[in-house]
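Work through the exercises below with the structure at hand. Each task is followed by a solution in steps.

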Amino acid sequence: MIDKIRMAELTSEEARQHLTEDAVVLLPMGSLEDQGIHAPMGDYLAADLMALEIAKTARDRGVSTFVAPVVPFGGKDFFDSSHGGISISNATLVALLDDIFGCLNRHGIRKVMIVNGHGGNVPAITEVTLRWRQKAGLFVPSMYLWQVAYGELPDLIGGEKASASSGHGGDPLTSVGLHFYPDLLRPDLVRPAPAGARVKGMQISGFSTITYDGAKIQVPIEALEATETGAFGCDPTLCSAETGETLVKRLAAIGAGLVCDHVAKGLHD
């Protein structure tokens, strides 16, 4: 198995030799948006590094796994208000994914898994993966990293701490960042998320919801209306590199297990 893992580092001859029908390709996706005033905006950095960890773990189990170049811009949502953020329309993201799948499929590279780090990418991923299953029998799983991480955190750090630290701008991404690239974070800016934001006289309960009579109601608000620090519903001061390391190992194990047990064996219809 060639030592190179990133597709971008392969020569064209190496690509012909190693990106065969037996190879698995991971496609990392993320965004460039407010992740909290203490954290780098590009959560695609973490998605890319997580894909690399998954690939390494899968390779240790004998599966030829490669990482495609990361898609750094996420689908537009309420974080479009992030100063300096760059997002793309759902239609543009769908077209981009459609073209990526088309290129891979043309060259017989059909064992693909998406490693996603942004909720705004989910609608486009759903649309494109369903389309390619229907028209070409291509079956592509998508591992939404932070959704998986929210479910794993209580067992890893305890339910009470996970409840307090989890949320946008907190766990899991801040702890993962402290593990992967601590030099990019600003510990001096870390503080608990603000609370009590209101819009049109109504209590904001999420980045796209208000609470009325105990019920969550979808409303067209932007992230900056919910929080001026980018963090919501969590205490980032509880995040740590130790939690990040533990979480990265668990996510890598889950992702590599899925690759080895299913994706590598072929999921085509």
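## Exercise 1: Cavities

The largest cavity in this predicted model has a volume of about 60 Å³.

Task: State which residues are closest to the centre of the largest cavity, and how its lining divides by class.

Solution.
Step 1. The largest cavity is lined by 13 residues, and the closest to its centre are Leu32, Glu33, Phe79, Ile86 and Ser87.
Step 2. By class, this lining has three nonpolar, six polar and four charged residues.

Task: Give the volume and the lining of the second largest cavity.

Solution.
Step 1. The volume of the second largest cavity is about 50 Å³.
Step 2. Its lining consists of Gln35, Ala39, Pro40, Gly42, Asp43, Leu173, Thr174, Gly177, Tyr181 and Leu185.
Step 3. Sorted by class, the lining of the second largest cavity gives five nonpolar, four polar and one charged.
Step 4. The count of cavities of 30 Å³ or more is four.

## Exercise 2: The sheet

Task: Find the order of the strands in the open sheet and name its edge strands.

Solution.
Step 1. The open sheet has four strands, in the order β2-β1-β5-β6, and their pairing is parallel.
Step 2. Its edge strands are β2 (65-67) and β6 (142-144), each of which pairs on one side only.
Step 3. From one strand to the next, the twist averages 20 degrees.
Step 4. Strand β1 (residues 24-29) and strand β5 (residues 111-116) run parallel and are joined by six bridges. Within this pair, Met29 has Asn116 of β5 as its bridge partner.

Task: Describe how helices α3 and α4 are placed against the strands.

Solution.
Step 1. Helix α3 (residues 90-106) packs on the sheet and touches β1 and β5. The direction of α3 makes about 165 degrees with that of β1.
Step 2. Helix α4 (residues 122-136) lies across β1, β5 and β6. Helix α4 runs at about 165 degrees to β5.

## Exercise 3: Two packed helices

Task: Decide whether α7 is roughly parallel or roughly perpendicular to α9.

Solution.
Step 1. Helix α7 (residues 173-180) packs against helix α9 (residues 241-261) at an angle of about 95 degrees, and their axes are 7 Å apart.
Step 2. Angles of 65 to 115 degrees count as roughly perpendicular, so α7 is roughly perpendicular to α9.
Step 3. On the α7 side, the contact is made by Ser175, Val176, Leu178, His179 and Phe180. On the α9 side, Ala241, Thr243, Gly244, Glu245, Leu247 and Val248 take part.
Step 4. By class, the contact of α7 with α9 has six nonpolar, four polar and one charged residues.

Notes:
Residues are numbered from 1 along each chain as its sequence is written. This is a predicted model: local features need pLDDT of at least 70, side-chain atom pairs count only at pLDDT 80 or more; totals for chains, interfaces and linings use all residues. Side-chain values use heavy atoms; hydrogens and water are left out. Axes are lines fitted to C-alpha atoms, for helices over the stretch in contact, and angles run from 0 to 180 degrees between N-to-C directions. Helices (H or I, at least four residues) and strands (E, at least two) are DSSP runs, numbered from the N terminus. Angles under 35 degrees count as roughly parallel, over 145 as roughly antiparallel, 65 to 115 as roughly perpendicular and the rest as oblique. Contact means heavy atoms within 4.5 Å. Ala, Val, Leu, Ile, Met, Phe, Trp, Tyr, Cys and Pro count as nonpolar, Asp, Glu, Lys and Arg as charged, and the others, Gly among them, as polar. On a 1 Å grid over the protein atoms alone, a cavity is a set of points where a 1.4 Å probe fits but cannot get out, and a pocket is an open set with protein on both sides within 12 Å along at least five of seven lines; lining residues have an atom within 4 Å of a point. Grid points are joined across faces, edges and corners, and a volume is the space filled by probe spheres set on the points. Two strands pair if DSSP finds at least two bridges between them.
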